[in-house]
Amino acid sequence: MAYSLNEAKALIIQAGRELVKQKLVARTWGNISARISDTEFVITPSGVPYDQVNENNLVVVNIRDCSYQGNIKPSGEKKVHAAVYRLRSDVNFILHTHQNYATAVSVDEIDKDFAPVAKYALPGTKRLVKNVEEVLERNLSKDTFLLARHGALVLSKNYEDAFTKVVILENRAKQLFDKVASNKTPEEEARPYLDDYAQMFGNKNQAMEDDQEALEMVRYKNTLAARYQRKLHPMKKLDVFLQHLVYQKKYSKLKDKNK
C-alpha cells in the first residue's frame with residue numbers, strides 16, 4: 001500500500017538520518033524514495049546532505065515520465081526509481097546507497113548468492129536505467145541488488161523492511177569481502193577500482209582538494225575495492241574521465257550556490 005505524502009516525506013527523512021548514523025552512506029551519494037500512488041513517488045533532492053533533507057526539499061516525481069514541479073531538482077537517479085516502481089507494483093520504498101562493503105564487492109560485476117548485480121553504466125544515464133531494468137526482470141522475486149561500482153539498490157514494501165535489508169546486505173557483503181579479499185601493493189590499490197562517485201570525486205584530487213575528510217573516505221573505499229578484486233580490472237579510462245568532468249561541473253555549481 002502506497003504511503004500518504006506526509007508519511008512518505010517523514011520516512012524518507014528518517015531513513016536518511018539513520019543511514020548516516022549507521023555509516024551506510026558516503027557524502028550525498030545515493031537516494032531514497034517512497035511511492036505515494038500508482039503514478040507518483042517522493043524522492044530526495046540532488047546534492048543535498050542527508051541531514052539537510054526536509055519536507056520542503058523532497059520532490060514529487062511522476063512515475064511514467066519523471067516530470068516534477070518546482071525549482072528543486074530531484075535525485076539524478078530518479079529514472080532508476082521510476083523503473084522499479086513501474087516493474088514492481090509491490091514496492092513502496094527504495095534505498096540506493098553507496099555503502100562501503102556492498103560497493104567493494106560490486107566491482108567484479110558477478111552476481112553474488114545474496115544479490116544480483118546490474119552491469120556498470122555511467123550514473124544518471126539511460127544505459128544505467130536499462131541495466132537495472134534488465135536485472136530486475138531476471139530477478140522479479142529479489143529485493144536486494146548491487147549496481148556495479150555504484151553501490152546497492154534495496155526494494156521493499158515499507159521503510160522498516162527496506163532498512164533491515166540494507167543492513168543485512170552490508171553484513172553479507174563484508175562476510176564475502178573477508179573471505180576473498182587479498183593484500184595488494186600500493187600501486188594496485190591506486191588503480192581506479194572505485195565506486196563511480198568516489199572516482200569522480202577523487203580523480204587526481206582535482207575536484208575537491210579542499211575537503212581532506214572526504215578524500216580520506218575515497219582512499220578508504222578504493223582500498224577496500226582493490227583488496228577485494230582478484231584480478232586487475234580498472235574502470236575504463238574514458239568512463240573515469242567523463243565521470244570526473246560531470247562531477248567537477250556539479251561541484252562547481254554547488255560551490256557557486258553556497259557562496
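**Close-up views of a predicted model**

**View 1. A nonpolar surface patch.** Leu-238, Phe-241, Leu-242 and Leu-245 make up a nonpolar patch on the surface, together offering about 370 Å² of accessible area (Shrake-Rupley method, 1.4 Å probe, only the protein chains shown counting as cover). Patch residues have over 30% relative accessible area and no salt bridge, and nonpolar side chains are joined within 5 Å; a salt bridge is a side-chain nitrogen of Lys or Arg within 4 Å of a carboxyl oxygen of Asp or Glu. Phe-241 belongs to helix 9 (residues 237-258), a helix being a DSSP run (H or I) of at least four residues and a strand a run (E) of at least two. The model is predicted: local features need pLDDT of at least 70, and side-chain atom pairs count only at pLDDT 80 or more. Residues are numbered from 1 along each chain, and side-chain values use heavy atoms.

**View 2. The aromatic pair of Phe-41 and Tyr-85.** The whole structure holds five aromatic pairs (ring centres within 6.5 Å; planes under 30 degrees apart are stacked, over 60 edge-to-face, the rest tilted). Phe-41 and Tyr-85 form a tilted pair, 5.2 Å centre to centre with 40 degrees between the planes. Phe-41 is in strand 2 (residues 40-43) and Tyr-85 in helix 2 (residues 78-87), so the pair ties together parts 44 residues apart in sequence. Both Phe-41 and Tyr-85 are buried (under 20% relative accessible area; exposed is over 50%, partly exposed in between).

**View 3. The pair of Tyr-159 and Phe-163.** The ring centres of Tyr-159 and Phe-163 are 6.0 Å apart and the planes at 45 degrees, so this pair is tilted. Tyr-159 and Phe-163 join Tyr-3 and Phe-93 in one aromatic cluster.

Notes
Patch = residues over 30% accessible without salt bridge, like charges linked within 9 Å, V, L, I, M, F, W, Y side chains within 5 Å. Buried < 20%, exposed > 50% of the residue type's maximum accessible area, 1.4 Å probe, protein only.
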